[in-house]
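Biologist: I am new to this structure and would be grateful for a close look at a single part of it. Please set that part in the context of the chain, and then describe individual residues with care.

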2 protein chains.
Amino acid sequence: MAKHITAATTVITNPPTAAAEIDRVLNMMMRESRPVYVGLSVDIAYEMISSAPLASPITTSLLQNNPELERKVIAEILSKIERAAEPIIIVDGGAVRHQVLSEVNELVELTSFPTFVTAMGKSGVNEELPNFGGVYGGAGTHPGVKEAIESSDAVLWIGNFPSDFNTGEFTTDVKEEITIDFQRFSVKVGEVKYNVAMKYVLGSLIKELRQKSVSKSPRNVTWNPFPVKTFSDSVELKQEFLWPSLGSFFRPGDIVIGETGTSAFGLCDSKLPKGVMMFNQTVYGSIGYATGSIVGVGQSIKESGGKWKRPILVTGEGSMHLTVQAIADMLRWDLRPIIFVLNNGGYTIERLIHGKDASYNEVAIYDYSALAKALGPAHPAKYHGPVKTCGDLTKLLKEPGFGDAGCFELVELVLGRLDAPGSVIKTGAAIDEFNKAKVQKTVPGG
Amino acid sequence: MAKHITAATTVITNPPTAAAEIDRVLNMMMRESRPVYVGLSVDIAYEMISSAPLASPITTSLLQNNPELERKVIAEILSKIERAAEPIIIVDGGAVRHQVLSEVNELVELTSFPTFVTAMGKSGVNEELPNFGGVYGGAGTHPGVKEAIESSDAVLWIGNFPSDFNTGEFTTDVKEEITIDFQRFSVKVGEVKYNVAMKYVLGSLIKELRQKSVSKSPRNVTWNPFPVKTFSDSVELKQEFLWPSLGSFFRPGDIVIGETGTSAFGLCDSKLPKGVMMFNQTVYGSIGYATGSIVGVGQSIKESGGKWKRPILVTGEGSMHLTVQAIADMLRWDLRPIIFVLNNGGYTIERLIHGKDASYNEVAIYDYSALAKALGPAHPAKYHGPVKTCGDLTKLLKEPGFGDAGCFELVELVLGRLDAPGSVIKTGAAIDEFNKAKVQKTVPGG
């Protein structure tokens, strides 16, 4: 069964070839950056085999590009850029997942092209740069940002990942003929696809650009990538206030996990300082992944030798319930996460897509102040909240020691049942439209 | 992918044939009593189709047997029984899952043959009958019970399900030539397999037996199916004391779920009153299933119109942690389960199989008295415990109102880290032997 969802599989039945088989599959895993499956039964696991193959390390780098083909691709990219009046860069999920961020950031600083991210590419570039232009998600995008992207005449789209949640339900509007689409194993210039790895292409492109600087000066970012509305302190906490405010809480060394749903979309409206790493899940959209993920993040931070500092989880309460026992592990392994729980009476994003008042969008009502005490009574933990107004949040964010308690911290944010980031409301409507349109197309005579 | 683990699959793409396709798959599900897969995409789900096929009900009964073949099988079974000195009946998991329990209980009362169950068949027959002989699990079986089974010369094994956990790791010892193996679609008499459904064979066999009673009088059950040791009140709570004691707590109308591990094995030592239904999972052995299952049990009881009374969960704490959020659902849907949690500092059964002191067999330490308050603060709930001694348990079981609080009740049983039912200790050793033996066989020259 694993064959359908892996890059390679093997079931080890013959000890003498076991090492070679396992290496074959692990090499494939590293090269493809995709999951593999190794079946090892209890009896085989006890076998003694030669350690000789350990001398050949697993391949962790990609095969080199054909130099001639790569030169041709670079020339085409340069020509496309030079002929363009307003070239831009979009840093997408594939850039993060396929580890080309150092190349990407060099390119962004070198060209000064207005640079954007998608939800999945968020934190991929330094948002403090003057040429950072904002977050793109099709229909859900802030108007100034949307206009700048969709009026461009050359788009370097690095690691394009056009999933439903990453494109505002396929409402992005960038024409293929003006796009240079960078992927792990290919680069597509307009309609023509070349089998070259983007990692090396980006490296060579940077070298070329250093030698002959691009003639045209790029467009300045005149719009505000993170528009902020102000609310008085007594107003009930709103997502429109929450996300921009949360930006001020983050600091270099934070690793942030945004749960699928309003959290992932909302965090797109938080301006990140340089040196923050953020992940969300806009591919499979499985809720519950985030609370589990922060355990891994916390452990990685512990092992990073001080390079990374705080594991931060932002999640809806419905998603958190699915994997809430992970809190017990955060406590017993002393991982010290800071958790923001959006308590808004159910699956808000689902309500906005379908079933506004449906009982299946309700979830259990927990006592968030009691969770750590129930799941890890022996370990220190702090509860903050409930945060009910904009003023409550402002006060908490200014509180000395908040986010620095050196132990598990949980913040309960109470939000309206149907309150959501603007991008979610727009995207929710787009999804509903999209589903209805599919029906229209398939209804006989419809 | 679903094809590998289902009896039938379909992905609906064509509205006019959708109803027929779905019916085909549902019929297969009912006939095979196995899972099926129906793929229905959002656009197709909105289609209007004719309701005419609803007039043909889904087939819920099996196809009739070939009458001639069935007569032959009955004759062979009767001949086998008549020639035997000590015929017995074993009621196994397949009897429960394939819904032949009314036939089975009739057969057991009619023949008075000593009757046994396996772990997976537990609660399949009335344990108050004088001919109930005990629970069979190979090496883990009580000596008197084991002797009675393994010395029999004709075994009617109904719904035989020879999985590892259901056979004490394949240590059952009943010869094929003396076995009549009843399955959903076949009956095997000795070495010869006939394609007849056991349900109809059992029905016809009962009719035959009513007409001409079996000549030999069966062996009496002279051994104690549930041997009990006594402990003084001050002794630390032990599994050897726990399981027999728990038998006295159960009453008609209870539905009991035993979690995989010590709970499922231990409950084999609890004598059940007539009218208790019990489930465990000795096929896939997935821990965590039980806490989720009791939600379904609770809802079924609510809908049973008073026929069934109390949902009772017995689980280790490590297993419960995996699906602990189900407690929130039990509370908010007012399902009123009674939960016994064996708090014994980790995965005891795993420690007994492999890794006695391994850190990976440790689990988080919860405050069980705080769980309901954290996961459903608005709902009534009772905590009992911690129960630390045999006397504590005796006292609790006699407490007026215990198990009748009309709300969620949780009992925390504190047990030794390596304490386990005798059957688990014996089976754990058998599993270790089994794995080692497999290695011996495969090591070159070993």
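Modeller: The following account begins with the chain as a whole, turns to the annotated part, and ends with single residues.

The model is predicted. Chain A contains 16 helices and 15 strands. Its C-alpha atoms occupy a box of roughly 65 × 65 × 60 Å along the principal axes. For 446 residues, a compact globule would be expected to have a radius of gyration near 22 Å, and the 24 Å of chain A agrees with this. Of these 446 residues, 51% count as buried. When contacts between residues at least 6 apart in sequence are considered, 74% of them join residues at least 24 apart. The exposed area of chain A is about 20,000 Å², of which carbon and sulfur atoms supply 55%. Chain A carries 44 positive and 49 negative side chains, and the centres of these two sets lie 2 Å apart.

The part chosen for the close look is the annotated domain. An unreviewed UniProt entry places the feature "domain: Thiamine pyrophosphate enzyme TPP-binding" at residues 273-377 of chain A. Over residues 273-377 of chain A, 36% of the chain is helix and 15% is strand. The C-alpha atoms at the two ends of this stretch are 35 Å apart.

Ser319(A) may serve as a point of entry. This serine belongs to helix H11 of chain A, which covers residues 317-322. Ser319(A) counts as buried because its relative accessibility is 7%, where the cut-off for burial is under 20%. Leaving out residues up to four places away in sequence, Ser319(A) touches Glu259(A), Thr260(A), Ile287(A), Gly288(A) and Tyr347(A).

In chain B, Leu375(B) deserves attention for its contacts with chain A. Leu375(B) is part of helix H14 of chain B, residues 371-375. With a relative accessibility of 3%, Leu375(B) also counts as buried. Apart from neighbours within four places in sequence, Leu375(B) contacts Ala364(A), Ile365(A), Tyr366(A) and Leu371(A) in chain A, together with Val324(B), Ile327(B), Ala328(B) and Leu331(B) in chain B. By contrast, 43 Å separates the C-alpha atoms of Leu375(B) and Gln183(B), which are 192 residues apart along the chain.

Next come particular features of the backbone. The peptide bond from Gly385(A) to Pro386(A) is cis, with omega near -5°. Pro386(A) lies in strand S14 of chain A, which comprises residues 381-387. In chain B, the bond from Gly385(B) to Pro386(B) is likewise cis, with omega near -5°, and Pro386(B) is found in strand S14 of chain B, residues 381-387.

Two residues of chain A have a positive phi without being glycine. Ser123(A) has a phi of about 80° and lies in the loop between strand S4 (115-117) and strand S5 (132-135). Its relative accessible area is 16%, so Ser123(A) is buried. Glu169(A) has a phi of about 55° and lies in the loop between strand S6 (154-158) and strand S7 (179-182). Glu169(A) counts as buried because its relative accessibility is 7%.

Key:
Residues are numbered from 1 along each chain as its sequence is written. Chains are lettered from A and ligands numbered from 1 in the order in which they are written. This is a predicted model: local features need pLDDT of at least 70, side-chain atom pairs count only at pLDDT 80 or more; totals for chains, interfaces and linings use all residues. Side-chain values use heavy atoms; hydrogens and water are left out. Helices (H or I, at least four residues) and strands (E, at least two) are DSSP runs, numbered from the N terminus. The radius of gyration is taken over C-alpha atoms; the globule rule is 2.2 Å times the number of residues to the power 0.38. Buried means under 20% relative accessible area, exposed over 50%, partly exposed in between (1.4 Å probe, protein chains only). Contact means heavy atoms within 4.5 Å. Accessible areas come from the Shrake-Rupley method with a 1.4 Å probe; for residues, only the protein chains shown count as cover. Lys and Arg count as positive and Asp and Glu as negative; His and the chain ends are not counted. The place of a charge is taken as NZ of Lys, CZ of Arg, CG of Asp or CD of Glu. UniProt positions are given in the numbering used here, feature names are shortened, and annotations may be inferred rather than shown by experiment.
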